[in-house]
Each structure stands twice: as structure tokens, then as C-alpha cells.
Amino acid sequence: MYTTPVTFRQFNISPSAQKAHQSSQCEMVKSFCNTFVLPDNTCNHSRFDENLASKIASYKDRALKPVTDMLSCADNEKDITAGLFLLNRIIDAGAQSAYKTYPVISKFNYSSSSNVQTMLAGVYRKTLVPDAFGPLMTMFLKNSQNPKTVPFDPNEEIGGAILEYLRNKSAVINYSKN
């Protein structure tokens, strides 16, 4: 008996179709960054396209690469904050390998921006990467010596992240062994 093979399109994605899909994800990340507005003295929260943020986050682990690619070349506070915000949303959506972004986002560990510090602390709180505990402590101590309260106090989120590390003792023990 002779059977003919059947190929289902949803499982057999051509390389060109895969590349187009990745390109559209990168375009979505760029579009999101264009809609992102930082907090200021009149508004203490970021404003952005909620639907686009949800769509990007729905890709979960597949959205990590476009966001980390954008973060690796981001050079201004708005884009960095937008990228870290997306990373937070992707983690909330259920991405499993978000901890692998630490080498890319760690370059922002010593930023003096309240926005960047807050978003970074949120990512660290959720991923509990052991190497991030020291930079969180440094951020907290520097901000305690020179407090920033306008438009908000970043130490609220940083302190919450530190408490989460302390609650999860294995993350702190891993840090102290290094």
C-alpha cells in the first residue's frame, strides 16, 4: 500500500515566512516605543498603547528576542524604560526564559533614572536572577543618600524587589556564594 505524505502548513513554516513574522514583531516593538510617554511632573505614570503592549506580551518567549535586541541598542531613557516595561509585561504573560535577558539588561544597573530603576527592579523581582541582588542594594543605598521623589520614589519598587529576594532565600544564598 502506498501513502502520500501530507504537510500541514501551520507546522511547516518556511524560513521567509518566519523572517517576516520576526520582522513584524520588531516593528511592533518600535511602534510601542514611539507611543510610550514617560512620567513627568503632571503625571506620575507612563502612558502607552495598551493594546499593542498586550499583543507583544502575548507572544511570550518569542517576544523576548525583539525586545532584548531593541534594549541592546537603546540609548535614551524613553526607549530603555519602554523596553523594560515590555519585558515586565512579557514575564507577566508567562514567558519562561526571561531570566536569560540579564546579560542585556544588566548594563542599566547603575542608571540614575527613576524610571529605568523602577522597571529594572520590577524585572528583577519577577526573575530573581541572583546576580541582580547586589545592584538592587546599590540602587537602594544610592537613592537613600540622595532621595528622589518627583515624579515618584523608585525605592518603593527597589525595596519591594529586595524583600522578594529575601523572601526567596535561595536567590540570596546563591548571591552570597559568589
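**Close-up views of a nine-helix model**

**View 1. K60 is partly exposed, with a relative accessible area of 37%**. The model shown here and in the other views is predicted. K60 sits in the loop between helix 2 and helix 3, the latter spanning residues 61-73. It comes directly after helix 2. Its phi is near 50°, a positive value in a residue other than glycine. Most residues other than glycine have a negative phi. The 37% of K60 falls between the cut-offs of 20% for buried and 50% for exposed, so K60 counts as partly exposed.

**View 2. L128 also has a phi near 50°**. This value is positive, and the residue is not glycine. L128 belongs to the loop between helix 6 and helix 7 (133-145). Is L128 buried or exposed? L128 is buried, at a relative accessible area of 15%. Buried means under 20%, so the 15% of L128 qualifies.

**View 3. The whole fold gives the setting for the close-ups.** The protein has 9 helices and 0 strands. Its elements run α-α-α-α-α-α-α-α-α from the N terminus on. Of the 178 residues in the protein, 42% are buried.

**View 4. Helix 2 has buried residues on the same side**. In helix 2 (50-58), the residues L52, A53, I56 and A57 are buried. These residues cover an arc of only 135° around the axis, which puts them on the same side of helix 2. What contact is made at the start of helix 2? There, a side-chain oxygen of D49 reaches to within 3.1 Å of the backbone nitrogen of N51. Past the other end of helix 2 comes K60, with its positive phi.

**View 5. F32 and F85 form a stacked pair**. The structure holds 8 aromatic pairs. A pair of aromatic rings is described by the distance of the centres and the angle of the planes. How are the rings of F32 and F85 placed? Their centres are 6.0 Å apart and their planes lie at 10°, so the pair is stacked. The cut-off for stacking is under 30 degrees, and the 10° of this pair meets it. F32 lies in helix 1 (residues 15-35) and F85 in helix 4, so the pair ties together parts that are 53 residues apart in sequence. F32 is buried, with a relative accessible area of 0%. F85 is buried too, at 12% relative accessibility.

**View 6. F36 and F85 form a tilted pair**. Here the rings are 6.1 Å apart, centre to centre, with 50° between the planes. F36 lies in the loop between helix 1 and helix 2, whereas F85 lies in helix 4. The pair thus links distant parts of the chain, 49 residues apart. Both F36 and F85 are buried. Which residues make up the aromatic cluster that holds F36 and F85? F32, F36, F48 and F85 form this one cluster.

**View 7. The second largest pocket has a volume of about 160 Å³**. Its lining is made up of P39, N44, H45, S46, F48, T81, F85, N115, T118, M119 and F152. F48 and F85 appear in this lining, and both are also in the aromatic cluster of View 6. Helix 4 (77-93) and helix 6 (114-127) each supply at least two lining residues. Which helix gives the largest share of the lining? Helix 6 does, with 3 residues. By class, the lining has 5 nonpolar, 6 polar and no charged residues.

**View 8. S113 contacts the backbone of V116**. S113 is in the loop between helix 5 (102-105) and helix 6. The S113 side chain reaches the backbone nitrogen of V116 at 3.2 Å. S113 is buried, with a relative accessible area of 12%.

**View 9. G159 is a buried glycine in helix 8**. Helix 8 covers residues 155-167. The relative accessibility of G159 is 14%, so this residue counts as buried. How far is G159 from L136 in space? The C-alpha atoms of the two are 8.3 Å apart. In sequence, G159 and L136 are 23 residues apart.

Technical notes: Residues numbered from 1 in each chain as written. Predicted model: local features only at pLDDT ≥ 70, side-chain atom pairs only at ≥ 80, totals over all residues. Heavy atoms only, no water. 1 Å grid on protein atoms, 1.4 Å probe; cavity = no way out; pocket = protein on both sides within 12 Å on 5 of 7 lines; lining within 4 Å. Points joined across faces, edges and corners; volume = space filled by probe spheres on them. Helix = DSSP H or I, 4+ residues; strand = E, 2+ residues; numbered from the N terminus. Nonpolar A, V, L, I, M, F, W, Y, C, P; charged D, E, K, R; others polar. Phe/Tyr/Trp six-rings, centres within 6.5 Å; stacked < 30°, edge-to-face > 60°. Buried < 20%, exposed > 50% of the residue type's maximum accessible area, 1.4 Å probe, protein only. Arc of directions from axis to C-beta. Polar contact = N/O pair within 3.5 Å; in protein donor to acceptor, adjacent residues only side chain to side chain.
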